[in-house]
Amino acid sequence: MRSVINYNSWNKDFKAPFGALKINEKMKIVVKENGNYQINNITLVIFREDIEIQRLNLKKEDLFTVEFDGFEEVGVYFYHFEVDIVIDGYEQRLFYGKNNNNAEAVEYSYDWINKYQITVYEDFKTPSWYKEGILYHIFVDRFNNGNRTGRVSNPKSNSFIYANWKDEPMYIKDQDGSISRWDFYGGNLKGIIHKLPYIKKLGVSIIYLSPIFESSSNHKYDTGDYKTIDPMFGDEEILKELIDKAAQKGISIMLDGVFSHTGADSKYFNKYGRYDTVGAYQSQESKYSNWYTFKNHPENYKCWWDIKALPNTNELEPSFMDYIIYDEDSVIKKWTGMGVKGWRLDVADELPSKFIKEMKKELREVDEDAILVGEVWEDASNKVSYGERRSYFLGKELDAAMGYPFRDNIVRFLKGEISSNDLNNAYMVIKENYPKESFKSNLNLIGTHDVNRIKTELNKDKSLVKLAVATQMTFEGVPYVYYGDEAGLEGKTDPDNRRAYPWKNEDEDMIDFYRNLTTIRNKNKSLVSGDTIFIDTNNNDVFGYIRFDEENRSESILVLLNRSENLESLSLNIEGYSLEEIEYKTITKKYVERIFKESNVFNVDIEDKSCLIFTLLKN
């Protein structure tokens, strides 16, 4: 393929401003000629999905340029270039789109163009308490039992209670593979209250609780009653105590909202008759009947991923929306009014956009600083689910999403599956596609209750685990710590990744490592709220970036992560920074003998599988 033009959407010399656009925000596109070809015209072609909506001819001066007044509607737009060129005396039309590996323009045949994306959104702000915080995710049953006796509170009938807190979790299933007895360790809300000093010392400012509402399971994603705390965990009084005592330590509480389905064993469905209500399973005359879809009542009903214990809800059914969102005592208003500062929406892909929008609107009516986060596993800016392009980040829905792409990419790099340049490009794609507030609010996770523990994922290589942690703690966005990762817990997928927290058997070195990093982050504005410049280290094994405060660029932070076991030194060309000796912090408890500068080149001695965090002073 020929390369007759130069264009790179990540470079402000070619596209300004960078990344997503606000409604009616002006945009300038510049394309440079590459070589001595006779280019007669370059056209910018803009699409909404697969429908062409506009053509703009670039004016030829020194460069090909077009200034665009902006988009009048929010949405996800795409574009490519059409280049009319004379070759061997004949005019031809060439098609240029985005390189699959970076943002440079490359030639395609028309049917296979990889188009550039522009996310156009209504301007919004994410509350500072959230986007400048550090989040700690607690799976309540497995964190800590706060009862003085150590006994399990209100154990459920026909359940399995582990004899020892150190036991490894398991499922007890019947011949059909269904859970026959749910297993419990006995963690509760009192246990979290007792450990607030530990959580605070860890540097955390947000606690996100896995579901706490009454249900038959240990994970609580099969809600039985949205308005009642599961008695194994406590009650409203204890939750209020947790909210208040956490707030005294500068810690906010977020809850898990599971609204795309309920439990079959619930007051709403009541398949087993354990509640004193008339459930939808029991009668088509039930006031909850319209919450569900029956193909043939009562046994044939829609359920989540064909799991009969999780009947799907009709989220837009008016009585369901009233109960969850609108009523004066709705689920959202009840718990947010008690002091809950945010919600994480389980399986956001399966919630209608209208439901999310209405929830966000009502949530902000109760608390203007409340936060709404969604479980999305892919790039949330352009996600398509059930044939619909989702609108999570267009201004009226989610504030942030679960950062699974962040995890996937750093894990692939640390495993040697991709180079540092590949990692750079992967993160730049997300940074370009997300509105600025969404990128700064992205939950940078390396572990959750749905994936392998990071220690297990990285084959118990502690040095690599530390590099993953160092990345999330210095990266743009909100660091997300899954309980026990900081203590060295291992575990494959569910249920193994839900082991009990190893009190008195923690990896103290890892805990110290986390504390050191959270202290560095919380004390440095560039890391807490700054922007990011990714740098080319010219080394496949070293990933690097600069964090800087947009209001005061005089002091910036350079982060270098080396996955290699045999790198002797590194030379970096970074313009605009001075001093022969540069102040540095090393988080490996090893020391750098000398870091010096010659012209714009920094020569750095870096240990095997280590991370260095430098303070750079700008000219």
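# Two pockets and a helix pair

Biologist: How much space lies in the second largest pocket?

Modeller: This is a predicted model, in which local features need pLDDT of at least 70 and side-chain atom pairs count only at pLDDT 80 or more, while totals for chains, interfaces and linings use all residues. Residues are numbered from 1 along each chain as its sequence is written, and side-chain values use heavy atoms, leaving out hydrogens and water. A pocket is an open set of points on a 1 Å grid over the protein atoms alone where a 1.4 Å probe fits, with protein on both sides within 12 Å along at least five of seven lines. With volume taken as the space filled by probe spheres set on the points, the second largest pocket holds about 1,100 Å³.

Biologist: Which residues lie nearest the centre of the second largest pocket?

Modeller: Its lining (residues with an atom within 4 Å of a point) has 43 members. By class, these are 15 nonpolar, eight polar and 20 charged, where Asp, Glu, Lys and Arg count as charged. Nearest the centre are Lys12, Phe18, Lys431, Lys436 and Asp531.

Biologist: Which element gives the most residues to the lining of the largest pocket?

Modeller: The largest pocket has about 1,500 Å³ of space, and Trp182, His219, Ile307, Ala309 and Leu310 are the closest to its centre among 49 lining residues. Strands are DSSP runs of E with at least two residues, and helices are runs of H or I with at least four. β16 (179-181) and β19 (213-215) are the elements that give two or more residues to this lining. The most, three residues, come from β16.

Biologist: At what angle do the axes of α8 and α12 cross?

Modeller: Axes are lines fitted to C-alpha atoms over the stretch in contact, and angles run from 0 to 180 degrees between N-to-C directions. The axes of α8 (residues 404-414) and α12 (residues 462-474) come within 10 Å. Contact (heavy atoms within 4.5 Å) is made by Phe406, Ile410 and Leu414 of α8 with Leu464, Leu467, Ala468, Thr471 and Gln472 of α12. The crossing angle is roughly 140°.

Biologist: Why is α8 largely enclosed by the rest of the structure?

Modeller: Buried means under 20% relative accessible area (1.4 Å probe, protein chains only). In α8 the buried residues include Tyr404, Arg407, Asn409 and Phe413. The helix is largely enclosed because the buried share of its eleven residues is nine.

Biologist: Which residue just after α8 takes a positive phi?

Modeller: The phi in question is about 80°. The residue with this value, just after α8, is glycine 416.

Conventions
Buried means under 20% relative accessible area, exposed over 50%, partly exposed in between (1.4 Å probe, protein chains only).
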